[in-house]
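Trainee: I'd like a close look at one part of this model. Could you walk me through the place where the two chains meet, and then follow the salt bridges from there?

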Amino acid sequence: MNGSDALQTDVSRLEKPALIVGLLALVISVGGGLHSPVQFFRSYLRGYVFWLGVALGCAAVLMLHHLVGGRWGFVIRRLLESGTRTLLVMAAFTVPFLLGLRFLYAWADPVRAHAETAIEDKALYLNVPFFIGRTIVYFAAWMLLAHFLNKWSLEQDRTANPALTRRLQNLSGPGLVIYGLTVTFASVDWVMSLEPSWFSTIYGMIFMVTQALSAMSLVIVITLLLSKTEPLREMVTPPALNDLGNLLLTFTMLWAYLSFSQFLLIWSGNLPDEITWYTARATGGWAWIAVLLIVFHFAVPFLLLLSRFVKRRIRLLSAVAAGLVVMSLLDMFWLLAPAYDRAGPRFHWLDWTAVIGMGGVWFWRFIAQLKRAALVPLHDPRMARGAGHHG
Amino acid sequence: MKLSTKKRPLYGLIAEFDNPDDLLAAAHRAHAEGYRRMDAFTPLPVEGLAEAVGFVSTRLPLVVLIGGLCGCIGGFLLQYYPNVMDYPLNIGGKPLDSWPAFIPVTFELTILGAALFAVFGMLAMNGLPTPYHPVFNAPRFELASRNRFFLCIKARDPRFDLEKTRQFMTGLKAREVSEVEV
């Protein structure tokens, strides 16, 4: 009980301000949207894809931990679980997004959909009713996974039943398969179809890694905020931080590896249909964003995370993680925005209000969920074994 | 155990433990007692043991970094020099310096360079393979690769004193303390 008291003094103070800031930013967004609905929906999609990615990344890392174990996971498990709970908020945010499809996608615009044969050929898959149906299926799958991941974990806190660990593992294996399939389709639907004539088969993988990376980064930053809180304080040890840092390093390298693989294949093939995606993202001001991403989304965090000195210190590790959160956001912008703004990056103020608005509501839900349970899982049988080694 | 052959010089005293926790606690106590020249032998990695026996750091990471950089630069030049300078050939209308195509080989050679430097640097710096080492004389030392944990305080430690050190080590939950000859 001490734990949740301390949490209340630390982070729960942010619960209401997060909601107020979020709602305020969303109201401003809608206000701006009445003036220019096209820009509103474009900005909205950027914030939506980012925050949904964080929630889904939490689910993926959580299931990964259920499968492989490790002391790092017990430190951040409750944060990841609360992160998956924000899927409810994201589901609510889906409704306005579905209302604005024709502002976002050429294939959803009755005029443009028939103007280009490349789009018309794909109408069997890219049409509004089927799109909405798929979105409902994705969210049903994700929320079902999140529901049981949370339910059984909290049940174990109450009943100390070791069999629940096994049950969570049995859910997580198929759960990761479902996650992989749904995120692949969702990334094709929501982002790749912004440029409906372009395709890449590695795209879903890139999204999965981006989601896991942004979720891990954000959770590590929040761990810093909570690291003075009692039940967590004992667990935030240098070895546990080292594991978290290694995982962050892995995701950073995987992101670079997959992103470069896609680039190398398209660059080598040099086909007009495919290279337009990169020429749009490497000309004008976009080239600078691309360079920023290579340096600060890969090179700098990669070199910093190689060092045990950085990984074993919560403040340094969190600083790297905070940088990666910002870079993930920029990465999302670089993936989405050039579909419309070929000339170069143009940060509209609606981009900021959308990201802050959804982020505020996301954090409100996250903190509310975090307060419901102990900050660390209480009776996972694997935890006692892990604690013995460095106790 | 061979107390009779006192003529041979002493390498140190070795204590045998049942589990890693006792060994770790013993190493911490020995370090607190002022012993610095000691070594531990375990069948599995024990978190924090290296620090406990006073191991600070090696220069191996630096060696690996140099190996990686050699592989990286060498791998890139291996492709850049023939393609751009020595034998320029137009392939598919691509520029001669087609650096994206060079990256996979550069990457692989970075790994190769780092791995080779790591293995041979490690062997050079720790002196392996060692066909003979004094601790092999310790009784049941072969169990160090199965289920026993050993802590050896070397005779060349400035604080080493056969009787006092033996007394200290006997009080450490050890199964047995024995002398190790050179």
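Mentor: Here is a walk from the contact between the chains to the salt bridges and then to one strand. Keep in mind that this is a predicted model.

Let's start with the contact itself. Chain B brings 10 residues to it and chain A brings 11 residues. Together they bury about 880 Å², and carbon and sulfur atoms give 66% of that area. On the chain B side, look for B:Glu47, B:Lys94 and B:Pro100: these three supply 56% of what chain B buries against chain A, more than any other three residues.

Now the polar side of things. The rule finds 2 salt bridges across this interface. One of them pairs A:Arg312 with B:Glu47, with 3.7 Å between the closest N and O atoms. So B:Glu47 falls within the 4 Å cut-off for a salt bridge, and B:Glu47 is also one of the three residues just named for buried area. There is 1 residue pair in polar contact across the interface, counting pairs with both residues at pLDDT 80 or more. If you want to find the chain B surface by eye, go to helix α4 (residues 99-126) of chain B, which gives the largest share of the side touching chain A, 5 residues. Sorted by class, that side of chain B has 5 nonpolar, 1 polar and 4 charged residues.

From here, step into chain A. Over all chains the structure holds 23 salt bridges. A good one to zoom in on joins A:Asp380 to A:Arg77, at 3.0 Å from N to O. A:Asp380 sits in the loop between α18 (349-370) and α19 (381-390) of chain A, while A:Arg77 is in helix α4 (residues 71-85) of chain A, so the pair ties together parts 303 residues apart in sequence. Both of these residues are buried; for A:Asp380 the relative accessible area is 3%. A:Asp380 has another partner too, A:Arg382, with the closest N and O atoms 3.4 Å apart. A:Arg382 counts as buried because its relative accessibility is 16%. Zoom out a little and you have a network of salt bridges linking A:Arg77, A:Arg78, A:Glu81, A:Asp157, A:Asp380 and A:Arg382.

Last stop, back in chain B: strand β1 (residues 10-17). Of its 8 residues, 7 are buried, so the strand is largely enclosed by the rest of the structure. β1(B) runs antiparallel to strand β4 (residues 176-181) over 6 bridges, with B:Gly12 partnered by B:Val180. Strand β3 (residues 149-154) of chain B is also antiparallel to β1(B), again through 6 bridges, and there B:Ala15 stands opposite B:Leu151.

How values were computed:
Residues numbered from 1 in each chain as written. Chains lettered and ligands numbered in written order. Predicted model: local features only at pLDDT ≥ 70, side-chain atom pairs only at ≥ 80, totals over all residues. Heavy atoms only, no water. Contact = heavy atoms within 4.5 Å. Buried area = accessible area lost by both parts, 1.4 Å probe. Salt bridge = Lys/Arg side-chain N within 4 Å of Asp/Glu carboxyl O. Polar contact = N/O pair within 3.5 Å; in protein donor to acceptor, adjacent residues only side chain to side chain. Helix = DSSP H or I, 4+ residues; strand = E, 2+ residues; numbered from the N terminus. Nonpolar A, V, L, I, M, F, W, Y, C, P; charged D, E, K, R; others polar. Buried < 20%, exposed > 50% of the residue type's maximum accessible area, 1.4 Å probe, protein only. Pairing = 2+ DSSP bridges.
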